[in-house]
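Welcome, and thanks for taking a look. Please open the structure below and keep it at hand while you read.

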Amino acid sequence: MIAKATAKRLLPLALASAVGIAVFAGAANGRPEAVVSVAGADRVVQGNPVTIDVLASPANVRCSLRVRYKSGAKQKGLHTMTASGGHASWTWQVPRLVQPGPARLTVSCAGAGRATRRLMVIGQVIPPKIDVLQTGWSARPYPWGGTGVSWGVIVANTSKTQDALDVEVLCNFVMADNRLIGSMTEHITDIAAETKHATGGELNFPGSAPISRLEIVVRIGKGGPATHRKPGISFVRVMPSSFDPSWTGEIDGEVQNDDPAKTIQFVELSGVVLDAAGNILGGGTGFGVATLPPASRMAMKISGSFDAIPYAKAASAMVSVVPTYLHAP
């Protein structure tokens, strides 16, 4: 008798486990009324759509869905549905900026009960975005003919979580009638997240260069994990040309390896020359090749593209550096 009584007590538990979802109390007439199942995705990425399906008994009951995200924010726009034929479904867009983490879904059906489940919201990797902050140029007619133009630009990676890799900066030289007189492209290996980057170059024209403005187009090759440690730059100065001191020759300075463990193999350098008011007069690129252990420094120089800038106007410079580290053996 004891074994038989125990079996009777365990039978309802076994049946509930077989259903796999919570089963609710029956109606007074003995007909089972329950939210049978809540099905759908287990996880969703921020900003993406998600669908949840509900099977309810009896059919045609009115069901509602509440979604509460990890931050406590509630999903809006989830209307009450009729479980036609015992089935109801909701599809909605998870907010792009909602806090990642577990969200709680609660389905309530009138006369049939309530069920809950968890939906994991995965943080979206937001691709880097480059803004053009400032441009400028200087033009110099050469006594032997033709015109040299030094141009520069300062851009910014506005992403907080992604570096911009393999970046191409196209500079179009635009005349007053909106036609192009020339174009030039500079490559930047890496623009770190939440940083500004200066670059530029020089283009020579066989005749005059009636430039009205610069048109900058930036193409990002791909995004990468944010790197928050970069070499330091110090003692930056603008120097006159050794051939003609009335024109600008180079940007000098020092690069420091601030990484406590990595050795730098070489650095990619770029910069712009500024006047006293902070306007860009031109820019250029260069490389520094040296084995630079941690906590050491080396001299750096950018030259070859500033001779269209009057040295009397050159007041300061902004330099950007992209390191390449030696891989550990």
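This report walks through two sheets and one charged residue in a predicted model.

## The sheet 15-16-19

Let's begin with an open sheet built from three strands, arranged in the order 15-16-19 with antiparallel pairing. Strand 15 (232-240) and strand 19 (297-303) lie at the edges; each has a single partner strand, so one side of each is left without a neighbour in the sheet. From one strand to the next, the twist averages 20°.

Seven bridges join strand 15 to strand 16 (residues 248-256) in the antiparallel sense. If you would like a place to look, find Arg237, which stands opposite Asp252 in strand 16.

## The sheet 18-17-20

Another open sheet of three strands runs in the order 18-17-20, and its pairing is antiparallel. Here the edges are taken by strand 18 (280-292) and strand 20 (316-325), each with a single partner strand, so one side of each has no neighbour in the sheet. The twist in this sheet averages 15° from one strand to the next.

Strand 17 (residues 264-274) pairs with strand 18 over 10 bridges, in the antiparallel sense. Gly271 has Gly284 in strand 18 as its bridge partner.

## Glu186, a buried charge

Glu186 belongs to strand 12 (residues 180-191). What is the nearest side chain of opposite charge to Glu186, and how far away is it? It is Arg219, 13 Å away, and the buried Glu186 has no salt bridge.

Which residues, then, is Glu186 in contact with, leaving aside its neighbours within four places in sequence? They are Trp151, Val167, Glu168, Val169, Thr199, Gly200, Gly201 and Thr285.

Definitions and conventions:
Residues numbered from 1 in each chain as written. Predicted model: local features only at pLDDT ≥ 70, side-chain atom pairs only at ≥ 80, totals over all residues. Heavy atoms only, no water. Pairing = 2+ DSSP bridges. Helix = DSSP H or I, 4+ residues; strand = E, 2+ residues; numbered from the N terminus. Axes fitted to C-alpha atoms, helices over the stretch in contact; angles between N-to-C directions. Buried < 20%, exposed > 50% of the residue type's maximum accessible area, 1.4 Å probe, protein only. Lys, Arg positive; Asp, Glu negative; His and termini not counted. Salt bridge = Lys/Arg side-chain N within 4 Å of Asp/Glu carboxyl O. Contact = heavy atoms within 4.5 Å.
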